[in-house]
Amino acid sequence: QVQLVESGGGLVQPGGSLRLSCAASGFTLDYYAIGWFRQAPGKEREGVSCISSSDAITYYADSVKGRFTISRDNAKNTVYLQMNSLKPEDTAVYYCATVGPKCYSRPGGYDYWGQGTQVTVSS
């Protein structure tokens, strides 16, 4: 019943923008933190951003700080990741995940994952 679905990925040129969406079903998203992770071929899954539940505290990896913005729309049960000034090194499959109201920095801290959406930054 618990389900997370990512969307919004695609091919974009360096310097371009994409907005990823994470739509939740089977639970009320406003009680849960949502983390965004990404995984490039041959690399481990790494944390990108997270937004907590009660206090809406946000986290950003140093590599994306100032370029990415995480937000939530509780009425739509959806969390967004606005990605600006994209670089080739941002190319990866992006996943959203949750486990409870707090953010965790490592993928092992999360129980529920979406299927992922591909982001490719190339000229």
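**Strands, core and ring cluster**

In this predicted model, β7 and β8 run antiparallel and are joined by six bridges. The two strands make a hairpin with four residues between them, and N77, sitting in the turn, has a positive phi of about 55 degrees. Along the pairing, T69 has Q82 of β8 as its bridge partner, while F68 stands opposite M83, also in β8. In a regular strand, side chains alternate between the two faces of the sheet. β7 can be read that way: F68, I70 and R72 make up its covered face, and T69, S71 and D73 its uncovered one.

The hairpin belongs to something wider. β7 and β8 are part of an open sheet of four strands, with the order β1-β3-β8-β7 and antiparallel pairing. β1 (3-7) and β7 are at the edges with a single partner strand each, so one side of each of them has no neighbour in the sheet. As for twist, neighbouring strands here are turned by 15 degrees against each other on average, direction ignored.

Next comes the packing. The largest nonpolar core holds 27 residues, and the members touching the most others are W36, F68, V79, L81, M83 and Y94. Two or more residues come from each of β3 (18-25), β4 (34-39), β5 (46-51), β7 (68-73), β8 (78-83), β9 (92-98) and β11 (117-121). β3 gives the largest share, four residues. F68 and M83 thus turn up twice, as well-connected core members and as residues standing opposite each other across β7 and β8. V79 is worth a closer look: leaving aside neighbours within four places in sequence, V79 is in contact with L20, S21, C22, L29, I34, W36, I51, I70, S71 and R72. Apart from this core lies another one, of five residues, including F37, C50, A97 and Y110.

Two names from that second core, F37 and Y110, lead straight to the aromatic residues. The model has six aromatic pairs. One of them is F37 with Y110, an edge-to-face pair at 5.1 Å centre to centre and 75 degrees between the planes. F37 sits in strand β4 and Y110 in the loop between β9 and β10 (112-113), so this pair ties together parts 73 residues apart in sequence. Both F37 and Y110 are buried.

Y110 also has Y104 as a ring partner: the centres are 6.1 Å apart and the planes stand at 90 degrees, so this pair, too, is edge-to-face. Burial is not shared evenly between these two tyrosines. Y104 has 42% relative accessibility and therefore counts as partly exposed, whereas Y110, at 5%, counts as buried.

Stepping back, ring pairs link F37, Y95, Y104, Y110 and W113 into a cluster. A charge joins in as well. The charged end of R45 sits over the ring of Y95, 3.9 Å from the ring centre, and likewise over the ring of W113, at 4.8 Å from that centre.

Key. Residues are numbered from 1 along each chain as its sequence is written. This is a predicted model: local features need pLDDT of at least 70, side-chain atom pairs count only at pLDDT 80 or more; totals for chains, interfaces and linings use all residues. Side-chain values use heavy atoms; hydrogens and water are left out. A nonpolar core is a set of buried Ala, Val, Leu, Ile, Met, Phe, Trp, Tyr and Cys residues joined through side-chain atoms within 4.5 Å. Buried means under 20% relative accessible area, exposed over 50%, partly exposed in between (1.4 Å probe, protein chains only). Contact means heavy atoms within 4.5 Å. Rings of Phe, Tyr and Trp (its six-membered ring) pair if their centres lie within 6.5 Å; planes under 30 degrees apart count as stacked, over 60 as edge-to-face and the rest as tilted. A charge sits over a ring if NZ of Lys or CZ of Arg is within 6 Å of the ring centre and within 35 degrees of the ring normal. Two strands pair if DSSP finds at least two bridges between them. Axes are lines fitted to C-alpha atoms, for helices over the stretch in contact, and angles run from 0 to 180 degrees between N-to-C directions.
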